[in-house]
Amino acid sequence: MTSTDLEPRVITLGTAGGPRWWGSGEPITRTGIATAIQVGDEFYLVDCGHGVGRRINEAGLSLKNLRGVFITHLHSDHTVDLASLAIFGLYEMVGREGAPVPIIGPGDRGALPPLSPRAVVPPRPVAPECPTPGTARMFATLMAAHATDLNDRVLDSLRPSPLDLFDARDIEIPAGIAYHPNDRPTPAMEPFEIFRDDLVTVTATLVEHPPIAPAFAFRFDTAAGSVTISGDTAPTQNLVRLARDTDLLLHEAIDFAFVESVYAGRADEGSRASRDHHYKSHTSVGDAARLAAEAGARQLALHHLVPGTAKDDVWRAAARDFPGAFHVPDDLDVLPVRSPVPVDAS
Ligand SMILES: [Zn+2]
Ligand SMILES: [Zn+2]
């Protein structure tokens with residue numbers, strides 16, 4: 001294979017953010033956040049938002065070629081179709097039992113988040129016996145919840161078990177950076193390696209997405225270009241450091257005018273707490289462009305768009321703040337990493 005064949009391509013499988021379907025009676029155009037990075041015939045998957053399996057199928061990708069699943073953080077809009085990927089996917093993955101696909105994501109949070117000062121009555125946590133599971137435990141629990149179905153397939157149809165096809169692992173946060181999920185979720189740090197094979201090296205950094213912690217951004221370096229994915233985050237220098245001179249940065253963006261319109265006139269504490277969350281945990285369109293420029297990214301694509309129903313001009317406003325190639329990809333767009341085709345030049 002030539003180095004051109006090994007130039008990575010990004011396929012934006014799902015480009016909407018948030019635990020919503022974003023339809024409201026209209027056909028859904030943006031499904032849940034999920035991104036494929038294809039190198040040669042192989043691909044790597046970042047996040048498993050709603051519809052990821054369908055989009056993989058529509059993109060013409062096969063799970064036979066899946067090298068790894070990377071989860072930026074454990075919010076449900078990034079994980080909700082992890083179970084369906086593993087369970088429906090086992091039909092495409094027969095024969096891969098000897099080399100399970102890693103699922104790499106955050107470890108156990110270690111402590112519940114602090115109670116909102118807006119709480120009137122303290123809510124009861126879900127699953128108090130294990131209230132903050134990490135990726136490995138989450139995956140095992142998801143498979144256990146589907147045991148009736150899976151045992152039919154494993155025992156009667158002699159299908160492989162997802163537990164033999166996938167190997168879910170927690171990312172270990174480097175020692176010595178004084179990380180704490182509540183007090184210091186995003187200490188300044190150098191990117192650290194979380195995965196390597198013959199095609200890619202994946203590095204990570206902590207990003208700013210309270211109260212969830214840890215939350216990661218990932219960078220994929222290959223012999224023929226690099227891709228950086230912000231995960232969900234407020235503006236942070238850790239991301240700028242990770243994305244330094246990257247060929248393509250995919251950054252989340254939220255339309256704060258939309259946030260204000262949703263919560264305007266709603267004075268209840270639940271609405272106020274939700275509004276506060278968006279401001280401390282996400283990035284505006286303009287800030288995404290400025291951070292990408294500061295990092296020296298050659299291309300910027302906005303994704304994890306909230307709301308998933310906004311008109312494109314909401315996002316394109318950022319183009320004036322970014323000097324490189326700028327994209328607002330639809331679901332299933334293909335972004336070459338080094339020889340960009342202006343997919344959205346209209
Ligand atoms: Zn999200
Ligand atoms: Zn999130």
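**Zinc site and open sheet**

In this predicted model, the zinc ion (ligand 1) is coordinated at 2.1 to 2.2 Å by D77 (OD), H78 (NE2), D232 (OD) and H304 (NE2). The angles among these four donor atoms range from 92 to 166°, and the site of the zinc ion (ligand 1) is irregular; because four donors count as tetrahedral only if all angles lie between 85 and 135 degrees, the upper end of that range rules out a tetrahedral assignment. Along the sequence, the donor residues follow the spacing D-H-x153-D-x71-H. D232 and H304 thereby link distant parts of the chain, being 72 residues apart, with D232 placed in the loop between strand 10 (225–229) and helix 7 (237–242) and H304 in strand 12 (residues 299–306). Both D232 and H304 are buried. The zinc ion (ligand 1) lies 3.3 Å from the zinc ion (ligand 2), and D232 coordinates both ions.

The model also contains an open sheet of seven strands, arranged in the order 6-5-4-3-2-1-14 with mixed pairing. Strand 6 (166–171) and strand 14 (333–336) form the edges, and each has a single partner strand, so one side of each is left without a neighbour in the sheet. On average, neighbouring strands of this sheet are turned by 20° against each other, direction ignored. Within the sheet, strand 1 (residues 9–14) and strand 2 (residues 34–39) run antiparallel and are joined by five bridges, and G14 has A34 of strand 2 as its bridge partner. Helix 4 (residues 135–145) lies across strand 5 (101–106) and strand 6, and runs at about 145° to strand 6.

How values were computed
Residues are numbered from 1 along each chain as its sequence is written. Chains are lettered from A and ligands numbered from 1 in the order in which they are written. This is a predicted model: local features need pLDDT of at least 70, side-chain atom pairs count only at pLDDT 80 or more; totals for chains, interfaces and linings use all residues. Side-chain values use heavy atoms; hydrogens and water are left out. Donors are N, O and S atoms within 2.8 Å of the metal (3.2 Å for Na, K and Ca); water is not among the atoms, so sites may look incomplete. Four donors count as tetrahedral if all angles lie between 85 and 135 degrees; four count as square planar and six as octahedral if opposite donors are over 155 degrees apart and all others between 65 and 115; anything else is irregular. Helices (H or I, at least four residues) and strands (E, at least two) are DSSP runs, numbered from the N terminus. Buried means under 20% relative accessible area, exposed over 50%, partly exposed in between (1.4 Å probe, protein chains only). Two strands pair if DSSP finds at least two bridges between them. Axes are lines fitted to C-alpha atoms, for helices over the stretch in contact, and angles run from 0 to 180 degrees between N-to-C directions. Contact means heavy atoms within 4.5 Å.
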